[in-house]
Amino acid sequence: MKQILQKNVLVCVVAALGLCAAPAMAQGVHYNDVARTKDNRPLSNGEVAVCVANPTDPGNVGEPCQPLATIYTDATLLTTASNPIPADINGNFSFWAAPGTYFVEFYSPEKAVEPFTETITLGCVPNATAAGCGSTGTGQNNTWTGTNTFGADAYFKSGEPWFDVKAFGAKCDDATDDTAALQATLAAIPATGGLVMIPGVCKFSSTLTINKPDVTIEGKGHFQFITQNAPVTYLDFQGTTGNAILVSAQGFKMQDVGVKYPTTIGGPLAPPVAPTLTQVAGTGCPAEPYYVQTTYVNPQGETSDSAEATFTTTSGNCLQVQSPPSVAGATGWNLYVSANPNNETKQNATPLAIGTSWTFGGTLVNLAYRPPFNTTAYSAIYDNNGAQLEGVKLFTNAANSAGTANMANGYTSFGCCGKLNEVYVAGFGVGIAGAGANNDFSVTDSYIQSNNVGAFVVNGADINFTRDDFEGNVVGNIKMLYGSPYTLSENYFEQQGTNPPSYNVQVGDTSIPPQGFTPTPGAIFINGNFMQCNLTAYPPAPIVIDAAASIDIEKNSFSQCGNQNIIANFAGAGATIKVLGNISDAAPLSWTTSTTGFVESDLNGTALTPGTPVFFGLGVTGNLTVSTLTPGDCVQAGTGGLLTTVAAACGAGSGAFAGGLGSSFQDATEIAAPANPSAGNDRLFLNSTTHLLDCHTSAGASCIPTGTASLATTAVGFGVAGALSGDATNFFYTTATHALTITGPFTASSLTLTNQFSLTLGDGTTSRGNVWVKSNGASTGPGYYEASSSAGGGFNAYIFACQQGGAMCLSSSTPGSDANNSLQVHSGVNAQTGTTYTIASADQDSLTTFSNAAAIAVTLACPAAGPPPTFQNGWREALKNLGAGTVTITVSGCTITPLGSGTAGTTATFATGASGFLYSDGTNYQVIQ
């Protein structure tokens, strides 16, 4: 920089001598840019409104902000220009204005495009005559009347494309707020770009916006990016919200300088909870199920989506979605709706106000898919245009510990061609976050440490991580969502601290909602990396393949993987996965959890059977030879297809049957049940508990063949000593009660009980429905079923086979050999709707119902011997009151006992809903249940 300084001094001295023309004295500042949408796409044929700072009306869809500023056609600021400004088909626009701060809004009067706004500051042009735009010391222009000698550094606005921030009033003493001086420096840079020098530690409290192309910020001194010490020169952001640096123009570069970001600024907003759905009266809305998700928005972006809620509307109503609750940092909310699950699309063109509900108008639209990435997090550097960082250190106070999920990001890239070389990123939520169309993006020779997530690239093409060092990132190191190709080559993944991540590399994430297509990354090349495996969270594997089209894993080195998997493969048959020439310093739990999709070959390209890839263990330098064997040792297959030696004869067993059973006999030691064998094997042993041969499968089930002699007794029977032989766990004989207890299910295709005259169903303790199966003991008497009305058997009925006709008979007493009473059945329903009724003897075995709102008087004659007999012994009728009025049954000359009272009288009542049987014993009546 000394050479540049001397050159500028010489130019100014020559000018002072009159040998070169003086610069123009224009007061206006020229500004040109590209109108764009919120997601950084050019806004063709749009409008640009230039308003005063903090406008009272920031503008709605299709409308400009208010109040509009006065802008001009040239540097003289004499001719005013139209405002708003029409942008051309590529979004280009320009204007002239006086120095100051303005609010620029990009919008379209004809399209439902959400307005995108940014604040710009137009500084003094070099040697301008406007108030405050002269030299730093006098407020006037520098004049040169002769040769000047400078005994120290000179700070001045030379008009050359490099700027020392101290010339604009910055102290950079790690104490003064240099915000105004830094912004003035950036505003003074011409449209062709320039170099900004940072001479120390410059504190600032609001976002520095790089809105001019080809701007470079450079520090001084040696930058020790690999250490955890602060750099010599850095920008120390002291704000309470926002990005530290926002890059909105191409060609931005930072070199040998740091950016420190506060840990007090929260990271991404948490998404809303599942929305509350209702319906309101409306027309034109289909009556069908709806599926809804919501997000929060803030000036930085949009959260990931909420849990899904569903609601089915009815005819004449429309869906209504309640606003999510207000949370700190959220400025609005977005709504995603579909008639199908997991297919929601955006329904609002601009964010909805918090507290304002949304009502469906009858037609679903698709303004966007649910966001795959939470972009509400602010960043130390937020780059829309492919910045180049050389020797840059992005750090927080958590750089020596670990970032958390609710912290801001280090570097966020939305756009093409970001290049990070020798960059240190530590102490953030996501160290490096890439979203949008991240094309031709690379991170090389960099150090990503102590972040919650090391790097997360949502969508990209030609993404490269080369010779980078990932250490101590809590959740994971690199995640790739979709896009292709990705190259991860010669990186170092070391897991330190108490919270190692669950993966070093994760390819795809099926938990991310679809964006109109399946988010599957492809053409992934993972080559020559070193990965440690001491991982703790699920799935503990250095490489996790959640979803992928094609992936090539070659010649990587794995360490400390003795109890973990190398590859957790969930991609399924749709993926093509090549695994070749990898090494490990310890035999892993498995090289892959699934071989589905694997295409394997050896180092020469010879195809191998999937599931047997060629992996080379560390320390093996050649093939086994005869000279390496010890007499008596066995050579057998080892881990990774290598040959190993075992100090035992080949085929020798172990444990109780070592050496085989022999040709005559073999003493065998009884042992307790051993651990289950590996999958596909059975384990035979002599059980020390049962003193029998026993066999277990890998699942712990018995593999003893049913009924095999000398292995187990499978028959169940009573022994002569009263003991029950067989499965003593589930079948046993109790000598005290002489009862057989079965704790497991009892199944028999047929069951014969010899000389069994009584079988009790149930335990005999219930108050109703005890059933007995008996005979009367006589050889000519029938067997019968006895139904008891209570445990005491106050009212019993007997059902048995009739002696004639093959029908069933019913009796109120124990049936004799000559019993032949036909079984009566229900004869129909006698529905009464009036207020009076007389019960007839012919109503026997019918159901009489009463339905009237008034009281119902029912008359009942007393039983008579006849002939013919009326209301004889055993006569019965079912009654039920379906009406609101009370049913009263009255007798004269006999008694009736109401239900449950036990007291005989002349009346019995049935309240609403009551039912029962009217029963005659040939003299009086009883109402029973």
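This is a friendly dialogue on reading features of a predicted model.

User: Before we start, what conventions apply to this model?

Analyst: Residues are numbered from 1 along each chain as its sequence is written, and side-chain values use heavy atoms, with hydrogens and water left out. As the model is predicted, local features need pLDDT of at least 70 and side-chain atom pairs count only at pLDDT 80 or more, while totals for chains, interfaces and linings use all residues.

User: Thanks! How many helices and strands does the chain have?

Analyst: Helices (H or I, at least four residues) and strands (E, at least two) are DSSP runs, numbered from the N terminus. Here the chain has two helices and 73 strands.

User: What share of the chain is buried, and what area does the chain expose?

Analyst: Buried means under 20% relative accessible area, exposed over 50%, and partly exposed in between (1.4 Å probe, protein chains only). Of the 929 residues, 42% count as buried. Accessible areas come from the Shrake-Rupley method with a 1.4 Å probe; for residues, only the protein chains shown count as cover. The chain exposes about 44200 Å², and carbon and sulfur atoms supply 54% of that area.

User: How do I read the contacts along the sequence?

Analyst: Contact means heavy atoms within 4.5 Å. Among contacts between residues at least 6 apart in sequence, 58% join residues at least 24 apart.

User: Let's take a sheet. In which order do E17, E21 and E24 stand?

Analyst: Strands of a sheet pair through backbone hydrogen bonds, either parallel or antiparallel. In the rule used here, two strands pair if DSSP finds at least two bridges between them. These three strands form an open sheet in the order E17-E21-E24, with antiparallel pairing. Strand E17 (277-281) and strand E24 (358-359) stand at the edges with a single partner strand each, so one side of each has no neighbour in the sheet.

User: How many bridges join E21 and E24?

Analyst: Strand E21 (residues 317-321) pairs with E24 over two bridges, in the antiparallel sense. Glutamine 320 stands opposite threonine 359 in E24.

User: On to disulfides. How many are there in the whole structure?

Analyst: A disulfide is a pair of cysteine sulfur atoms within 2.5 Å. A search of the whole structure finds six. One of them is formed by cysteine 51 and cysteine 65, with sulfur atoms 2.1 Å apart. Cysteine 51 sits in strand E2 (residues 47-52) and cysteine 65 in the loop between E2 and strand E3 (85-86), so the pair links distant parts of the chain, 14 residues apart. The torsion about their S-S bond is about 105 degrees, so the disulfide is right-handed. Both cysteine 51 and cysteine 65 are buried.

User: Which other disulfides are worth opening in the viewer?

Analyst: Try cysteine 172 and cysteine 202, joined at an S to S distance of 2.0 Å. Cysteine 172 lies in the loop between strand E7 (162-164) and strand E8 (173-177) and cysteine 202 in strand E10 (residues 201-204), so the pair ties together parts 30 residues apart in sequence. The torsion about the S-S bond of this pair is about 90 degrees, so the disulfide is right-handed. Then look at cysteine 416 and cysteine 417, joined at 1.8 Å, S to S. Cysteine 416 counts as partly exposed at 34% relative accessibility, and cysteine 417 is partly exposed at 28%.

User: And salt bridges: which partners does lysine 203 have?

Analyst: Side chains of opposite charge can pair when their charged atoms come close. The rule asks for a side-chain nitrogen of Lys or Arg within 4 Å of a carboxyl oxygen of Asp or Glu. By this rule the count comes to ten salt bridges. Lysine 203 meets aspartate 174 at 3.4 Å, N to O, and aspartate 236 at 2.7 Å, N to O. Lysine 203 lies in strand E10 and aspartate 236 in strand E13 (residues 234-237), so that pair ties together parts 33 residues apart in sequence. At 15% relative accessibility, lysine 203 counts as buried; aspartate 236 is buried at 5%, whereas aspartate 174 is partly exposed at 37%.

User: Where in the chain are glutamate 118 and arginine 36?

Analyst: The side chains of glutamate 118 and arginine 36 meet in a salt bridge (2.7 Å, N to O). Glutamate 118 is in strand E6 (residues 116-122), and arginine 36 is in the loop between strand E1 (29-34) and E2, 82 residues apart. Both glutamate 118 and arginine 36 are buried.
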